Amino acid sequence: MPAVTVSLEEMLQLGDRIAQDYFRAGWIAGFQGSLGAGKTTLIRSILGSLGFSQTLITSPTFSYLHVYDPPREDLPPVYHFDLYRMTEVSFLQLGFPEYLEDPKGVSLIEWPERLQERTPEKMQTFEMRMVGEDRRRVAW
Ligand code: ADP
Ligand code: MG
């Protein structure tokens with residue numbers, strides 16, 4: 001299992017590396033870690049390296065799910081979930097199950113712990129934590 005400790009600048013390279021290694025239709029990735037661990041920052045780095053519009057990518061804490069259209073035809077759409085405040089009822093009402101395991105899309109999930117028994121079997125987990133103010137450890 002790789003693990004790295006990176007600065008904010010190095011997050012960009014890490015996002016690029018992760019995008020190259022794993023980003024393809026059907027990929028499901030969960031990003032675990034406390035508030036400020038860098039989950040949104042890493043997701044932004046991954047998507048930015050592929051040319052997804054930076055300005056659209058903000059933390060969806062209050063909207064649970066943001067859908068990003070791909071910048072090129074050969075890239076899948078991205079579903080960016082932030083499940084911090086999610087309840088079982090909202091999960092079903094918002095129709096998340098249809099997005100979550102869409103084989104034609106990519107799902108990037110903050111707070112995947114909230115899925116409990118709904119966690120997709122094939123989800124890849126990235127564990128993140130603060131190491132001092134400006135460094136973050138990422139293990140996957
Ligand atoms: P989360 O989504 O896990 O709550 P965010 O990515 O929204 O975390 O916030 C991380 C915060 O920490 C940002 O304000 C960012 O500028 C700061 N930060 C400082 N150093 C790093 C680093 N090495 N990697 C990621 N974020 C960092
Ligand atoms: Mg976040």
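**Helix packing and an enclosed strand**

Helix 1 and helix 2 cross in a right-handed manner, a crossing being right-handed if the near helix is turned clockwise from the far one by less than a right angle, and left-handed if anticlockwise. The model is predicted, so local features need pLDDT of at least 70 and side-chain atom pairs pLDDT 80 or more, while totals for chains, interfaces and linings use all residues. Residues are numbered from 1 along each chain as its sequence is written, and side-chain values use heavy atoms, without hydrogens and water.

Helix 1 covers residues 8-22 and helix 2 residues 39-49; they pack at an angle of about 60°, with axes 7 Å apart. The two are therefore oblique to each other (angles under 35 degrees count as roughly parallel, over 145 as roughly antiparallel, 65 to 115 as roughly perpendicular and the rest as oblique). On the helix 1 side, the residues in contact (heavy atoms within 4.5 Å) include L8, M11 and I18, which meet a set in helix 2 that includes L42 and I46. By class, this contact has eight nonpolar, four polar and one charged residues.

Attention now turns to strand 5. Five of the five residues of this strand, 106-110, are buried, so the strand is largely enclosed by the rest of the structure (buried means under 20% relative accessible area, with a 1.4 Å probe and protein chains only). V106, L108 and E110 lie on one side, S107 and I109 on the other.

Strand 5 runs parallel to strand 2 (residues 28-32), joined by four bridges, and G30 stands opposite I109. Strand 4 (residues 78-82) also runs parallel to strand 5, through five bridges, with H80 partnering L108.

Notes:
Chains are lettered from A and ligands numbered from 1 in the order in which they are written. Axes are lines fitted to C-alpha atoms, for helices over the stretch in contact, and angles run from 0 to 180 degrees between N-to-C directions. Ala, Val, Leu, Ile, Met, Phe, Trp, Tyr, Cys and Pro count as nonpolar, Asp, Glu, Lys and Arg as charged, and the others, Gly among them, as polar. Buried means under 20% relative accessible area, exposed over 50%, partly exposed in between (1.4 Å probe, protein chains only). Two strands pair if DSSP finds at least two bridges between them.
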